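Subject: Structure handover

Hello,

Please find the structure below. My notes on it follow.

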Amino acid sequence: MLTVEEVTDKSLAALRNAGVPEQHAQTQLSLLLEAELRGVASHGLLRLPRVIERIRNGVCDPGTVGKGVWAMPSLYRIEGNHGLGPVVALDAIAKISERARDTGVAVAAIRGCDHLGMLAWYAERVARQGQILIALTISEALVHPWGGSQAMLGTNPIAIGVPAVPEPFVLDMATSLVSMGKIHDHANRSVPIPEGWAVDQDGRPTTDAKAAKHGAIAPFGGAKGYGLGLGFELLVASLTGSALGRDVRGTLDSEHHCNKGDVFIVLEPQEQSAQIIGQFMDALRASPAAEPGNPVRVPGDRARSKRDSSLQQQITLAPAVWAQIQDMARNDRAQSNTKTGEKINAT
């Protein structure tokens with residue numbers, strides 16, 4: 001068990017040693033740590049070694065925020081220039097949030113930045129400042145189409161944040177049954193995955209997490225999840241000019257520049273809507289539960305509860321992940337740069 005302070009200190013040291021500017025290191029770690037605290041280990045600190053390995057391999061530039069241009073009054077296009085996902089995304093969101101206060105809606109279309117991480121992090125930030133956010137991103141081909149057995153689509157999540165009193169509505173869901181990060185988390189802990197999550201590289205159903213890493217994840221909800229995932233991927237690619245399907249690279253490996261796309265939409269809500277929405281969500285929570293002792297929840301409730309609990313306790317990391325972070329925190333930048341060709345087994 002590890003304290004938040006201990007994990008923060010070592011993780012920031014590891015990022016600094018990789019040459020990440022202090023503010024950018026704080027941003028990247030904030031996202032990963034928030035995922036960890038909310039019980040989303042698949043998007044938490046297990047991804048830090050891969051982030052650092054990508055920087056050391058020269059396929060991620062930790063110092064850039066990308067380069068953007070207003071293509072239209074409400075459309076901001078950004079070339080990510082291989083920057084850290086959270087860093088490029090937050091810079092773009094700040095610009096479209098300011099524009100949306102005048103236009104009512106503004107869109108950021110990003111191409112070529114690194115993995116965004118947990119989309120709920122962005123949705124909640126924007127919702128807490130009084131605006132609506134819709135976030136879409138695509139990944140490497142990890143999901144088989146409905147009726148298929150080969151990975152052809154990304155997990156293609158969507159997040160929606162809506163201002164509400166006292167807490168915003170935050171939905172964050174992939175169009176796959178699970179994330180590949182969750183498969184990797186099970187593999188790191190040598191825990192089998194449930195039946196129906198994935199198939200192996202030969203298209204056979206498997207509960208072996210390591211075999212699933214080389215296979216394909218099922219779409220959620222069968223044909224409906226497949227249709228939504230495909231629709232989101234086409235929408236993002238249309239706006240960003242990013243790669244599609246099996247041509248997408250860089251979200252799970254350390255050797256390729258990331259060529260996926262991301263879309264953020266910020267909208268101005270109607271005045272007084274936060275109060276009305278908050279009351280409606282409270283009515284949902286107070287509605288009769290199907291099972292006694294298991295009350296109705298609204299998306300975002302469980303994650304916030306888990307975060308509050310985690311801050312009062314300690315963090316549990318897979319031993320291999322913690323060992324990698326400690327090693328990266330010990331090595332100075334010069335030593336790290338001599339380790340060309342060394343591969344780190346994390347995602």
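A residue is called buried under 20% relative accessible area, exposed over 50%, and partly exposed in between, with a 1.4 Å probe and protein chains only. This is a predicted model, in which local features need pLDDT of at least 70 and side-chain atom pairs count only at pLDDT 80 or more, while totals for chains, interfaces and linings use all residues. Residues are numbered from 1 along each chain as its sequence is written, and side-chain values use heavy atoms, with hydrogens and water left out.

Cysteines

By the burial cut-offs, Cys258 is buried, at 2% relative accessible area. Cys113 is buried too, at 0% relative accessibility. A disulfide is taken as a pair of cysteine sulfur atoms within 2.5 Å. The structure holds 0 disulfides. Cys113 is in none, and the cysteine sulfur nearest to its own belongs to Cys258, 6.7 Å away. Seen from Cys258, the closest cysteine sulfur is that of Cys113, and 6.7 Å is too far for a bond.

Sheets

Helices (H or I, at least four residues) and strands (E, at least two) are DSSP runs, numbered from the N terminus. Two strands pair if DSSP finds at least two bridges between them.

One open sheet has 7 strands in the order E1-E2-E3-E10-E4-E5-E6, and its pairing is mixed. Its edge strands are E1 (67-72) and E6, each of which pairs on one side only. From one strand to the next, the twist averages 15°. For this and the other angles between elements, axes are lines fitted to C-alpha atoms, for helices over the stretch in contact, and angles run from 0 to 180 degrees between N-to-C directions. E1 and E2 are antiparallel and pair over 5 bridges. Trp70 stands opposite Tyr76, a residue of E2.

Two helices can be placed against these strands, with contact meaning heavy atoms within 4.5 Å. H4 lies across E1, E2, E3 (105-111) and E10 (261-267), and runs at about 160° to E3. H5 (residues 119-128) packs on the sheet and touches E4 (132-137), E5, E6 and E10; its direction makes about 20° with that of E5.

A further open sheet consists of 3 strands in the order E8-E7-E9, with antiparallel pairing. E8 (205-206) and E9 (216-217) stand at its edges with a single partner strand each, so one side of each has no neighbour in the sheet. E7 (residues 198-199) is joined to E8 by 2 bridges, and the two run antiparallel. The bridge partner of Ala198 in E8 is Thr206.

Backbone geometry

Most residues other than glycine have a negative phi, and most peptide bonds are trans. Three places in this model are worth listing against that background:

- The peptide bond from Val165 to Pro166 is cis, with omega near 5°. Pro166 sits in the loop between E5 (158-162) and E6 (169-173).
- Asn81 has a positive phi, near 50°, and is not a glycine. Asn81 belongs to the loop between E2 (75-79) and H4 (85-103). Its relative accessibility of 33% makes Asn81 partly exposed.
- His82 also has a positive phi, near 65°. His82 lies in the loop between E2 and H4. With a relative accessible area of 28%, His82 is partly exposed.

Regards
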